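Let's walk through this one together, starting with the backbone and ending with the cysteines. Have the model open as you read.

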Amino acid sequence: MLWGCRMLPWSGRCTRAHGGSGTVVSSQGIVQLDPPSRAHCTTVRDSLRDTTMGMNDLKPQLPWTILRDWVKAFPGSTFLIDAANILYCFALENFETFTAGDLEPAVADFAKYMRFLVARKVPMVVIFDGLENAWKNPESERRRAIREKHQAAIDAARAEDKEPDEKDLKGTVYNTPLYIAMCAKCCKTFQISYMVARREADSQLAAIWLSNPAKYIVVSADTDMLGLGIKKWVSVRSWWGGSAVYIDVVGLGSYVPVPLSNGKDKYPLVRHVVRHGT
C-alpha cells in the first residue's frame, strides 16, 4: 500500500486518500501514521526496497538478544507486524486441511491469535503482503518449482493409493491471496489496525519504521530487514509462548571480537557494520 492510500473494504482495490501522511485501515476508519520523510518514501526508494531479496544465513552473523516475551520487552512502542510470518505458521500447523483447500482452520487460528494480542493490549499495525513483486520472479519461480515437485510426489503417492508424505504436504503450503484476504478481514472484524502493502510487507515495514525508529518495533522473521534499512527488529520463535530474539545493529556500539576455536572472529559482519555502517 502506498502512503496516503487505503484499501476499500473487501474490494481488493486501493484508493487515494487526501493528505500527505501515512494512513492505515482500522475499523474506525483511517488512522494517521507519522508523515514519512521524503528521503525514505519516494517512489524511487520504494522501488529499490522492493528489489531487495532475502539474505541467506544473515542471522548467524549477528549477535542475538533472547527475549522471554517480546510483547512486554518494549513498553511504549508500537509493533509493526509482518503478517506473512504468522499466516505461514498457522497454515503449516493446519497443513492437512490447508492443502485440501479448506483454509478456515488456519484462518481460525490466526483469528484466535489476533484476539490473544488484543487481550494483551498490544499496540500494533499488522501488515499484509500485496501484489507479487516482479523483481522477485526468479525467487518466486524457484519456490513454485519446489512446490510443484512436492505436488508431483503427492499425486504419485495417491495414484498408488498411498498416503502422501507429510513433508510433501507441508512443502506445498504457502500464503495464497485468498488466505491473506480472509486474515485481513479478521483484523477489520476485531478492530485491529492493519495495512495491505503495495507489494511486499517487509518494504512497507521499512518505510514506516524509517519514518520514526524511536516509536516502532518491527516484528519479522525475514532476513532482509538489515538490507531494507531496518537496524533493529524482533524475530519471534514462539507466537503463543512469546519467546523471540532481538537483533539491534544500532545498539552494538564498539564491537568486541568473539574468537572461535580456529582464531577467527565469530561475527565478522558486525565489525564491518560498526566500522562502515549499514
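Helices here are DSSP runs of H or I with at least four residues, strands are runs of E with at least two, and both are numbered from the N terminus. Keep in mind that this is a predicted model.

With that naming in hand, go to the loop between α5 (104–119) and β7 (124–128), where you'll find Lys-121. Its phi is near 55°, a positive value in a residue other than glycine. That's worth a second look because most residues other than glycine have a negative phi. Lys-121 is also exposed, with a relative accessible area of 72%.

Now move along the chain to the loop between α8 (177–189) and β8 (194–196), which holds Gln-191. Here again phi is positive in a residue other than glycine, this time near 60°. Is Gln-191 buried or exposed? It's exposed, at a relative accessible area of 52%, and the cut-off for that label is over 50%.

On to the cysteines. How many disulfides does the structure hold? Zero. Cys-183 is in no disulfide, and the nearest cysteine sulfur, in Cys-186, sits 5.6 Å away. Why don't Cys-186 and Cys-183 bond? Their sulfurs are 5.6 Å apart, too far for a bond, because a disulfide needs a pair of cysteine sulfur atoms within 2.5 Å. As for their surroundings, Cys-183 is buried with a relative accessible area of 0%, and Cys-186 is buried too, at 12%.

Methods. Residues numbered from 1 in each chain as written. Predicted model: local features only at pLDDT ≥ 70, side-chain atom pairs only at ≥ 80, totals over all residues. Heavy atoms only, no water. Buried < 20%, exposed > 50% of the residue type's maximum accessible area, 1.4 Å probe, protein only.
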